[in-house]
Amino acid sequence: MVINARYGQALKHVPIILLGLLMIYPVLWLISSSFKPNQLIFSDPSLWPRTFTLENYVNGWQGFQGIKFSRFFANSFIISILSVLGNVITCSLAAFAFARLKFKFSKIWFSLMLVTIMLPYHVTLVPQYVIFNELHWINTYYPLVLPKWLATDSFFILLMVQFIRGIPRELDESATIDGCSQKQIYFRMILPLLVPALITTAIFTFIWTWDDFFSQMIYLSDLRLFTVQLGIRALFDPSGSSDWGALLAMSTLSLLPITAVFLMFQRYFLEGIATTGLK
Amino acid sequence: MGTSRRSLAREQNQTAYLFLLPWLIGFFFLTAGPMLGSLYLSLTKYNLLSPPTWIGLDNYVQILTNDSTFSGSLLLTFKYVFISVPLRLAFALLVAVVLNKGIRALGIYRTIYYIPSLLGGSVAIAIVWRQIFDSTGAVNKVLSWLGIQGPSWISHPDYIVYTIITLSIWQFGSAMVIFLAGLKQIPADLYEAAQVDGARKWNQFFSITLPMLSPVIFFNLIMSIIHSFQAFTPAFVIGDGRGGPLDATMFYTLYLYLKGFSFFDMGYASALAWIMLLIIGGFTAIVFVTSKYWVFYGDNKEGR
């Protein structure tokens, strides 16, 4: 009986593992192909390269028209990090006001904030482009970064409001009695306790900005300002004459930063999804 | 005492608006203002170079009565949303229920299943997808082992949308993580009581798990619908970037992008955006209205 139960337990894992392999196969295919010589990528189906080469990485890193891929990576990092800082700072300020402070019209502002979460970006797309064009900000990073410094990702405001509401009010009340101003309460009491929500916000902002192909494509056409996503798209020629090895090597590299962030902060990540999902 | 309390309230009011300032600026200049702006532009002809000229409802009339690309892209987007969202959520729920049975190494499985959601939005994965579904790619190799001659998924206009749908279903991990968290919240004594009463597993799933999980399903459904209507990168990269082959990847967002930023017909693109807002709003409203019949909020919140 005991042995049977153990087999039963092991058997349960079989479909889960098979499904897991199927899920991870495209990623493994990408990594293994990036180490294969160009002519073997589509003829050798095995996941373990028969001939192993780093040439694709060397070729891909050269970029094109004299601009190396390192430039694209640096650009993507600049945009992502500035966006992370913007979201963390401005969303937490707004969230503190919504969650803790009494002010005029607070209910109206709060419901407007909730509505903007569900708004598709299309309805603001064209006028935003017109505004940024008037300001001569096309081919700069302002259109990509400035919205984050104006807390337009209201999803994160809601996330932090929920989190702050979970912090006992008695803490701020006793601080008020001790003569703390609201600003001091924000900086000294709430901000340190808010760290898990700030990390969740930072991770998601980083990944979404890194992958935000659409806005980057609309606002950036100068090769020197290109991001990783734009660089890969430029290497890729749908008609079929791409240097596949280089393309897949750079694609593999493009996934490294987000994977690293995910693995480092996995706990916050999965908790963040779960708690925002529940509310 | 009265004055100091009033000054305290005034101080709080000032601090609040100071803290809200970035958001307020963003709200007026990047959200509300542009929304009204696009409503106005949708009633004009505008190409960015010369000032907009008022044409009333002409854009809307043109779109609704005389634009076969619009109706085609709307149908294609509906097809994508209504196949991929239910399948993705069903898959997420199924795997979450299986993983929730106290299985060992849950953390590792959860990570592996989540990775596609993490990477799926990138250009890199869209390129991989194109290759895997290529006529000589991995999918057709597996099919040929089974004796099936697979079609050329990418170049055939009837099939390419299904490759984009599978890419969406592949990313069921984020919904699964939310379901897993929801399943943990269901009190175990409900299942124990059901077992004592002799209820079968199947019945337990439909009478306990599904109702208890319905608020989470509701949330996932709304977010998935809104999100899927806006899909762009997979259609752009897996297709040829111009909606081809034969408009088979002309998703709504891609059409809007091409109208606005390729042909610079920005009034027309704004009208397309407003129609999309109404459609998404309509579907969200339907889900909200029907939710009172199928979403169960537990005793303490009932009647709210």
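This is a short walk through the domains, the nonpolar core and one helix of the structure above. Keep in mind that we are looking at a predicted model.

I'll start with chain A. The domain assignment splits chain A into domain 1, residues 2–53, and domain 2, residues 64–278. Their C-alpha centres are 34 Å apart. Where the two meet, 7 residues of domain 1 of chain A contact 6 residues of domain 2 of chain A. On the domain 1 side of that meeting, 4 residues are nonpolar, 3 are polar and none is charged.

Chain B is also given two domains: domain 1 covers 2–41 and domain 2 covers 59–301. For chain B, the C-alpha centres of the two domains lie 36 Å apart.

Next, the core. The largest nonpolar core counts 144 residues. Residues from both chains appear among those with the most contacts inside this core, including A:Ile157, A:Met160, B:Met176, B:Phe179 and B:Leu272. Which helix gives the most to this core? That is helix H3 of chain A, residues 69–100, with 12 residues.

Take B:Leu272 from that list. Leaving aside residues up to four places away in sequence, B:Leu272 touches B:Ile63, B:Tyr255, B:Leu256 and B:Lys259.

Last, helix H8 of chain B, residues 173–185. H8 of chain B has 13 residues and spans 19 Å from first C-alpha to last, close to the expected 18 Å. Buried or exposed: what is B:Phe179 in this helix? B:Phe179 is buried, and so is B:Met176. Other buried residues of H8 of chain B include B:Gly173, B:Val177, B:Leu180 and B:Gly182.

Note on methods:
Residues numbered from 1 in each chain as written. Chains lettered and ligands numbered in written order. Predicted model: local features only at pLDDT ≥ 70, side-chain atom pairs only at ≥ 80, totals over all residues. Core = buried A, V, L, I, M, F, W, Y, C linked by C-beta atoms within 7 Å. Buried ≥ 20, exposed ≤ 12 C-beta atoms within 10 Å, placed from the backbone. Helix = DSSP H or I, 4+ residues; strand = E, 2+ residues; numbered from the N terminus. Domains from an automatic or database assignment. Nonpolar A, V, L, I, M, F, W, Y, C, P; charged D, E, K, R; others polar. Expected span 1.5 Å × (residues − 1).
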